[in-house]
Amino acid sequence: MEHTVPDVHEASAVGHARAMLTALGIRCDTESMHRTPERYVRAVAEMTYGMRLDPARHLEVQFRPESANQGVIAAVNVPFVALCEHHLLPFPGRATVAYLPSPGAPIVGLSKLARVLQEYAARPQVQERIGEQTVAALDKHLDVRGSACLIRSRHACMTLRGVEAHGASMLTTHLTGEIESDPALRAQVLSYTPVCDSV
């Protein structure tokens with residue numbers, strides 16, 4: 001799916017992008033570069049499409065549980081790309097989104113967990129906030145005994161510039177309710193920690 005900036009703002013954004021690149025000494029008047037400001041604007045718009053959406057809406061459609069006392073439900077290794085709000089450089093990664101429904105409580109389709117995470121990620125972000133927003137949405141909109149969001153990603157602002165820590169990744173965990181307080185549940189969910197060797 002292509003996510004673009006609203007047409008009413010695109011011409012202005014392209015003009016500003018051209019001015020920024022020119023001010024940095026990057027020529028935009030060559031054959032290969034003359035459309036670069038437009039492509040840059042569209043790329044940033046695509047990576048921030050989540051700003052114009054409410055991710056929690058995916059949790060509105062719920063279903064009867066298949067078990068009277070359902071265990072942990074988890075979407076593991078969900079891919080995402082976020083834009084670091086400090087440097088506007090991408091940080092791709094993978095996440096585990098999990099929740100423990102209350103006995104007899106409705107559940108949601110597994111894809112909805114991925115969509116919630118991906119739409120919170122698709123905006124200027126910091127990794128810690130993505131996890132916090134995701135578990136807050138689960139706790140607010142579902143009847144749960146606990147929720148979790150584990151994220152591992154590689155930040156271009158750390159690996160490609162600055163300290164240039166090539167290959168380094170960042171891991172964050174957000175746990176609530178019984179998933180946080182029950183040692184066995186906590187260990188179970190932490191065993192679902194995502195890997196991101198492919199990003």
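1. Start with L88. This residue is partly exposed, with a relative accessible area of 46%. Partly exposed is the band between buried, under 20%, and exposed, over 50%. L88 lies in the loop between β1 and β2. Its phi is positive, about 55°, although L88 is not a glycine. Keep in mind that this is a predicted model.

2. Why look twice at a positive phi? Most residues other than glycine have a negative phi. N77 also goes against that habit: its phi is positive, at about 60°, and N77 is not a glycine. N77 sits in strand β1, residues 73-84. N77 counts as partly exposed because its relative accessibility is 29%.

3. Now the overall plan. The protein has 7 helices and 5 strands. Read from the N terminus, the order is α-α-β-β-α-β-α-β-α-β-α-α. Trace that order on the model before going on to single residues.

4. How much of the protein is buried? Of its 199 residues, 40% are buried. The accessible surface comes to about 10,500 Å². Carbon and sulfur atoms account for 55% of that surface.

5. Next, contacts along the chain. Take the contacts between residues at least 6 apart in sequence. Of these, 70% join residues at least 24 apart. The residues in points 6 to 8 give some examples of contacts across the sequence.

6. A74 is in strand β1. Is A74 buried or partly exposed? A74 has 24% relative accessibility, so A74 counts as partly exposed. Its C-alpha atom is 4.0 Å from that of A98, and the two residues are 24 apart along the chain. Setting aside residues up to four places away in sequence, A74 touches T96, V97, A98, L110 and Y192.

7. S102 belongs to the loop between β2 (90-101) and α3. A loop residue can still be covered, and this one is: S102 counts as buried because its relative accessibility is 13%. What does S102 touch, not counting residues up to four places away in sequence? The partners are D143, V144 and R145.

8. L185 is in helix α7, residues 183-190. With 12% relative accessibility, L185 counts as buried. Leaving aside neighbours within four places in sequence, L185 is in contact with V72, L100, E178 and I179. Also check the pair L185 and G71. They are 114 residues apart along the chain, yet their C-alpha atoms are separated by 9.8 Å.

9. Last, a helix pair. Helix α3 covers residues 110-121, and helix α4 covers residues 127-141. They pack at an angle of about 140°, with axes 9 Å apart. That angle makes α3 oblique to α4. Why not call the pair antiparallel? Roughly antiparallel needs an angle over 145 degrees. As for handedness, α3 passes α4 in a right-handed crossing.

10. Which residues form this contact? From α3 come L113, V116, L117, Y120 and A121. From α4 come I130, Q133, T134, A137 and L138. Sorted by class, the contact has 8 nonpolar residues, 2 polar ones and no charged ones.

Technical notes
Residues numbered from 1 in each chain as written. Predicted model: local features only at pLDDT ≥ 70, side-chain atom pairs only at ≥ 80, totals over all residues. Heavy atoms only, no water. Axes fitted to C-alpha atoms, helices over the stretch in contact; angles between N-to-C directions. Helix = DSSP H or I, 4+ residues; strand = E, 2+ residues; numbered from the N terminus. Parallel < 35°, antiparallel > 145°, perpendicular 65-115°, else oblique. Left-handed = near helix turned anticlockwise from the far one by under 90°. Contact = heavy atoms within 4.5 Å. Nonpolar A, V, L, I, M, F, W, Y, C, P; charged D, E, K, R; others polar. Buried < 20%, exposed > 50% of the residue type's maximum accessible area, 1.4 Å probe, protein only. Areas by Shrake-Rupley, 256 points an atom, 1.4 Å probe, with all protein chains shown as cover.
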